[in-house]
4 protein chains.
Amino acid sequence: MRTDKKQAILDAALTLFTEQGYHATSTASIAKAAGVATGTLFHHFASKDALLAELFLTVKQELAVEMQAGLKSESGLRHNAHHVWQTGMEWALDNPQKQLFFQQFCMSPALSPEIRKMAMEEVLGFLGDLLLQGQQAGEIADFPADLMLENCHGQFLAATRFFLDNPARWQQHHYQDAAFQQFWQSITPIHN
Amino acid sequence: MRTDKKQAILDAALTLFTEQGYHATSTASIAKAAGVATGTLFHHFASKDALLAELFLTVKQELAVEMQAGLKSESGLRHNAHHVWQTGMEWALDNPQKQLFFQQFCMSPALSPEIRKMAMEEVLGFLGDLLLQGQQAGEIADFPADLMLENCHGQFLAATRFFLDNPARWQQHHYQDAAFQQFWQSITPIHN
Amino acid sequence: MRTDKKQAILDAALTLFTEQGYHATSTASIAKAAGVATGTLFHHFASKDALLAELFLTVKQELAVEMQAGLKSESGLRHNAHHVWQTGMEWALDNPQKQLFFQQFCMSPALSPEIRKMAMEEVLGFLGDLLLQGQQAGEIADFPADLMLENCHGQFLAATRFFLDNPARWQQHHYQDAAFQQFWQSITPIHN
Amino acid sequence: MRTDKKQAILDAALTLFTEQGYHATSTASIAKAAGVATGTLFHHFASKDALLAELFLTVKQELAVEMQAGLKSESGLRHNAHHVWQTGMEWALDNPQKQLFFQQFCMSPALSPEIRKMAMEEVLGFLGDLLLQGQQAGEIADFPADLMLENCHGQFLAATRFFLDNPARWQQHHYQDAAFQQFWQSITPIHN
DNA sequence: TATGAATGAGGATTCATTCAT
DNA sequence: CATGAATGAATCCTCATTCAT
């Protein structure tokens, strides 16, 4: 009951920001959609910017938690990589709103660079570790880690974009497999 | 002399939209930065939206022209792929403003979907042809073409993002090579 | 303990109203500065207006009490006049916050005219009596009483304003003397 | 025609600020009273604060010009002093709105200290010169100049306050005379 | 008494667009 | 073509006040 209205505001903002964009969404419309008064929004968030920032961090954290959940250190690297990729894709397809939100705002100047960086490190941090372990084990190609990380991120965004635009394809196994296969090939050493 | 002011407006808009975002940039500030009166902007563009659309198409076309310039049908596929990739990267690094602009607006709801689609097909069209030829020749992996195209786009965006953020890396050959290598591995058949 | 919080609110309001003005000071900021919850303010005062009114009357009364304290009917008029002037000045300099508050609000439309008039008569009432006695004794010039009263008030405000702006001057005796001397000359019969 | 609307805004602001106070007057109401759109106000003034500042300086300058108009260096000091006092009083009574405005805002925190100081020096500057000349000629009492200036200002404010509150008194010559006489006595040496 | 979340009307300011010059 | 004053709807945010706890 304490966080009821605050959560309602976050939910409404997620939908509206994603559908209309940050600037095109008025705080009044968010409040209305959340079923609260305009003042209430500003009781919980210092400003519209602060609302966006908190929303972004919240969503990003949710994905991060999800992806790290089933990692097992005893499994092989390929297995773990596939698990992370698959979990991420499924989360994105189960939460299209959130993925579209993320897709849109991870490049937008509406979000302050600090928040963007903070959110990125939260998710990409553990991925970086995975890559490094793989390189040491010789299972991952020996490209510069920072470049690879950015590339992985780019492929993940592209894949979710594609399947969100063409949901029917997600049901076809060779599409699912191709998406991961392409990703995996790009980061593994050239033979095998 | 005829298009002097129009060009000045386009230039100013490019910079301001990129730095501040579409909605955060007022037409008045664009006019001021371009050294013209507020009214002048509306002599050359029907609306702010129209200005953005024209700017986006202009920039996109510039990149498309650049990338297709040196293609030679008699060269091998890998050669041509590398040429396209390299040309694209160099254009992006030579025109950071434009690349950042593109990066930002190709996902933004500020741009109408029609314009976005129009621009995309202009660039990705010829790339799609390239991929198809490659698959028929067995030089490109047999993944679904639409998925691959999206993935290529994603990797290109990721690479430019990386090198624009870390310009010094572009001078290091192993970074340049790794970027292309990762891309190339992801689309070629399993290396045996 | 009963009036602890009420007094804290009055104190905080005095400071904030003086520094920022009535309308620029929110009740929330007063409550915060007083260390109480927003609602508490409205348990002790019916409204923000009522808080200002009570504060004004309180401060004004304090000055009135101070000035009348040492009056002795057996002393000469000049002595008593000097006593009142000096006491008033000292109070103002010892309570700069309160004097500034008074200075600001005795002309402001934030205060209802009734409150203003009530407060004025409280202080100026006994001064009017003093002046009248002096005129009857031939020690005070024969100017219209109402005009003189306003003039005295104006000179008092001017003097406190001056010494509050230039505190160091108050240590110089010829400044202190000159202030009173100017006041005294203005109300005594032509010196022959 | 150029300054038509700007002047209308200044006029409307003068009336409304004086009657309701700065914060209690909305920019929308000023625009409405001036017969212009809300946006127009902000086309001519950067902010509500800037409008107040410009208004204050304008009004103050008008008084300053008026008071210095008929000064003649060949006239005696008393003559000039009376001229300045009388001119000031008449201006105040002819422009009650402006005098009330000034009365209210010369102490209000709504006005920035810099603007206040600037305005004061404009008016009080030449008065300071007059006083100094008088002291050198032995016609003005030898009180500290800065203190005297503040005192003169205070008496002027008090007198205009009185006559604006009691307009009928201004028709009675002994009231007019008494006001000046009190002022004059306060600044002249003790005998004569 | 005390609290502080909730309210929603109201306020300052911005901005795309128009139009008379 | 070019100008820039004018427009007024729309926006973000504030704030005095209430009330359930």
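1. A good place to start is the pairing of chains C and D: four salt bridges are counted between chain C and chain D. One of them joins C:Glu150 to D:Arg161, with the closest N and O atoms 2.9 Å apart. Please keep in mind as you read that this is a predicted model. Beyond the salt bridges, eleven residue pairs are in polar contact between chain C and chain D, both residues being at pLDDT 80 or more.

2. Which helices build the side of chain C that touches chain D? At least two residues each come from helix 1 (4–20), helix 6 (96–105), helix 8 (145–165) and helix 9 (173–187) of chain C. Helix 8 of chain C gives the largest share, twelve residues. Sorted by class, this side of chain C holds 15 nonpolar, 16 polar and five charged residues.

3. Now the extent of that contact. The size of an interface is often given as the accessible area lost when the parts come together. Here chain C and chain D bury about 3400 Å² between them, and 63% of this area is on carbon and sulfur atoms. Chain C puts 36 residues into the contact, and chain D puts in 36 residues.

4. Chains A and B are worth a look for their symmetry. A turn of 179 degrees with a shift of 0.1 Å along the axis lays chain A on chain B, with an RMSD of 0.2 Å. That is the relation of a two-fold axis. In chain A, the C-alpha nearest the axis belongs to A:Ser186, at 2.2 Å from it. The same surface serves both copies, as 97% of the contact residues of chain A recur in chain B.

5. Which chain pairs stay apart? Chain A does not touch chain C, and their nearest C-alpha atoms are 12 Å apart. Chain A does not touch chain D either; for this pair the nearest C-alpha atoms are 20 Å apart.

6. On to the DNA, beginning with strand E. This strand is surrounded by 31 residues, the closest being A:Thr40, A:His44, B:Thr27, C:Thr40 and D:Lys48. Of the atoms of DNA strand E that come within 4 Å of the protein, 62% are sugar and phosphate. Helix 3 of each of chains A, B, C and D supplies at least two residues of the surface near DNA strand E. That surface has six nonpolar, 20 polar and five charged residues.

7. Some individual contacts to DNA strand E may help you. A polar side-chain atom of D:Lys48 lies 2.6 Å from a phosphate oxygen of the strand, and a polar backbone atom of D:Thr25 is 3.3 Å from a phosphate oxygen. A base is reached as well: an N or O atom in the side chain of A:Thr38 is 3.2 Å from a base nitrogen of DNA strand E.

8. What surrounds DNA strand F? There are 30 residues, and the closest are A:Lys48, B:Thr40, C:Thr27, D:Thr40 and D:His44. Sugar or phosphate accounts for 65% of the atoms of DNA strand F within 4 Å of the protein, with the rest belonging to bases. Helix 3 (38–44) of chain A, of chain B and of chain D each supply at least two residues of the nearby surface, which divides into six nonpolar, 19 polar and five charged residues.

9. Finally, the contacts to DNA strand F. A polar side-chain atom of B:His44 lies 2.8 Å from a phosphate oxygen, while a backbone N or O atom of A:Thr25 is 3.3 Å from a phosphate oxygen. The side chain of D:Thr38 has a polar atom 3.1 Å from a base nitrogen of DNA strand F.

Definitions and conventions: Residues are numbered from 1 along each chain as its sequence is written. Chains are lettered from A and ligands numbered from 1 in the order in which they are written. This is a predicted model: local features need pLDDT of at least 70, side-chain atom pairs count only at pLDDT 80 or more; totals for chains, interfaces and linings use all residues. Side-chain values use heavy atoms; hydrogens and water are left out. A residue is near a molecule or strand if one of its heavy atoms lies within 4 Å of it. A polar contact is a pair of N or O atoms within 3.5 Å; within protein, one must be able to donate a hydrogen and the other to accept it, and residues adjacent in sequence count only if both atoms are side-chain atoms. Helices (H or I, at least four residues) and strands (E, at least two) are DSSP runs, numbered from the N terminus. Ala, Val, Leu, Ile, Met, Phe, Trp, Tyr, Cys and Pro count as nonpolar, Asp, Glu, Lys and Arg as charged, and the others, Gly among them, as polar. Contact means heavy atoms within 4.5 Å. Copies are superposed by least squares on the C-alpha atoms of residues with pLDDT of at least 70 in both. Buried area is the accessible area (1.4 Å probe) that two parts lose on being put together, summed over both. A salt bridge is a side-chain nitrogen of Lys or Arg within 4 Å of a carboxyl oxygen of Asp or Glu.
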